[in-house]
Amino acid sequence: MKVSCQQPQAGQLVSRSVIVMLTAVIILWGINVIMIKYLVNYFPPLALAGIRISIAAAFLMPVSLWRYGPAIPPLSSWLPICGVALSSIFLHQIALSWGLTATSATHSVLILALNPLLTTLLASLLVSEPLSWNKISGVLTGLSGILLIVFHRADADTSSLLGDGVVFLATVTYVLGSLCVKKGTQSLPPLMITAYSHVLAAAGLMVSGAFLNAEWMYAGALNLPPLACLFFSAMICTGLATIWWNTAIHHVGASTTALFINGQPVIGVFGSALFLGEQLAWQHFAALLLVILGVSLGTGIVARFIRPSVYKRAARS
């Protein structure tokens with residue numbers, strides 16, 4: 001079965017539909033942080049990663065088969081698929097779980113917030129995505145919002161150089177996986193890339209978990225609330241949201257898509273206040289405004305209003 005994969009034209013501004021899709025992804029991923037924080041009370045971190053990715057794979061593969069049939073990806077597509085599975089999912093999950101046990105949350109948030117900057121730089125170097133002043137200003141503006149939140153929180157002196165390095169490795173692996181998505185969607189639809197990479201990563205995480213996990217769940221894990229949270233996290237926040245994320249990378253590139261990552265910690269903070277009762281300060285509201293401005297600059301929303309004629313010509317091209 002031949003699967004078509006129409007390529008977007010380079011240089012086009014981000015459409016409203018892609019902006020809505022990415023906004024939904026970041027909301028889901030922000031909620032997912034709260035869900036994972038809740039679920040680690042019932043599952044060890046590495047076991048939780050394996051179980052979540054396995055459920056996501058069990059959701060994604062049937063959807064891909066329903067949409068495209070039993071199409072086997074061509075040989076040339078397996079390298080980027082394996083790259084996504086290894087970098088964005090397998091290594092990222094392991095490095096993040098390990099790193100968070102060896103450094104402070106403040107350091108981790110700061111290092112993970114470097115994702116857009118690393119993606120913009122590496123996409124320019126490795127896959128020749130244009131490095132515009134809009135993207136640079138968007139990255140720096142959004143990052144300043146994250147720094148405002150990070151430095152507002154007290155560091156409990158639980159950080160270490162090793163832990164910082166491992167969390168940075170987790171950030172780099174996710175960025176490299178995003179570039180593999182861009183490469184893979186040149187020949188396959190984003191849904192197929194997402195489904196096959198999750199199947200491979202799930203197998204790797206479950207095999208690793210068999211050797212590394214002394215136990216797979218704690219008391220109460222099979223009760224309805226944690227199970228419902230687990231399946232929503234895996235199927236919606238991980239499976240469906242990743243389809244949308246990879247689709248956006250296909251349409252607008254990894255560096256532009258990565259600008260939205262800045263919104264995830266902010267949404268997580270507001271979600272924590274809503275669901276966990278954490279207090280908000282003026283820094284959180286200022287950070288939200290900076291993140292929105294950064295995304296608007298980098299994706300061309302500001303240019304759409306300042307130079308509407310240029311946007312209309314780009315949309316027609």
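**Close-ups of an all-helix chain**

**Figure 1. The end of helix H2 and the glycine that follows.** Right after H2, glycine 69 adopts a positive phi of about 80°. This is a predicted model, so take the views below in that spirit. H2 itself covers residues 45-68. With 24 residues at 1.5 Å a residue, H2 should span 34 Å, and its end C-alpha atoms do sit 34 Å apart, so the two values agree.

**Figure 2. The whole chain, for orientation.** Count up the secondary structure and you get 14 helices and 0 strands. Walking along the sequence, the pattern reads α-α-α-α-α-α-α-α-α-α-α-α-α-α. Of the 317 residues in the protein chain, 50% count as buried. Take the contacts between residues at least 6 apart in sequence: 90% of them join residues at least 24 apart.

**Figure 3. Helix H8 against helix H9.** Here H8 (residues 190-212) packs on H9 (residues 224-252) at an angle of about 130°, and the axes are 8 Å apart. That angle makes the two helices oblique to each other. The crossing of H8 over H9 is right-handed. On the H8 side, look for Pro190, Leu191, Thr194 and His198; their partners in H9 are Thr238, Thr242, Ile243, Asn246, Thr247 and His250. Sorted by type, the residues of this contact come out as 3 nonpolar, 7 polar and no charged.

**Figure 4. Helix H7 against helix H9.** H9 also packs with H7 (residues 161-184), this time at an angle of about 65° and with the axes 9 Å apart. H7 passes H9 in a right-handed crossing. Tyr174, Ser178, Val181 and Lys182 are the H7 residues to find, and they meet Trp245, Asn246, Ile249 and His250 of H9. The mix in this contact is 4 nonpolar, 3 polar and 1 charged. Asn246 and His250 may look familiar: both are also listed in the contact of H9 with H8.

**Figure 5. Alanine 221 in the loop between H8 and H9.** Is alanine 221 buried or exposed? Its relative accessibility is 1%, and the cut-off for buried is under 20%, so alanine 221 counts as buried. The residue lies in the loop that links H8 and H9. Setting aside neighbours within four places in sequence, alanine 221 touches Tyr42, Phe43, Pro226 and Leu227. Valine 40 is worth picking out too: 181 residues separate it from alanine 221 along the chain, yet their C-alpha atoms are 9.8 Å apart.

Notes. Residues are numbered from 1 along each chain as its sequence is written. This is a predicted model: local features need pLDDT of at least 70, side-chain atom pairs count only at pLDDT 80 or more; totals for chains, interfaces and linings use all residues. Side-chain values use heavy atoms; hydrogens and water are left out. Axes are lines fitted to C-alpha atoms, for helices over the stretch in contact, and angles run from 0 to 180 degrees between N-to-C directions. Helices (H or I, at least four residues) and strands (E, at least two) are DSSP runs, numbered from the N terminus. Angles under 35 degrees count as roughly parallel, over 145 as roughly antiparallel, 65 to 115 as roughly perpendicular and the rest as oblique. A crossing is left-handed if the near helix is turned anticlockwise from the far one by less than a right angle, and right-handed if clockwise. Contact means heavy atoms within 4.5 Å. Ala, Val, Leu, Ile, Met, Phe, Trp, Tyr, Cys and Pro count as nonpolar, Asp, Glu, Lys and Arg as charged, and the others, Gly among them, as polar. The expected span of a helix is 1.5 Å times one less than its number of residues. Buried means under 20% relative accessible area, exposed over 50%, partly exposed in between (1.4 Å probe, protein chains only).
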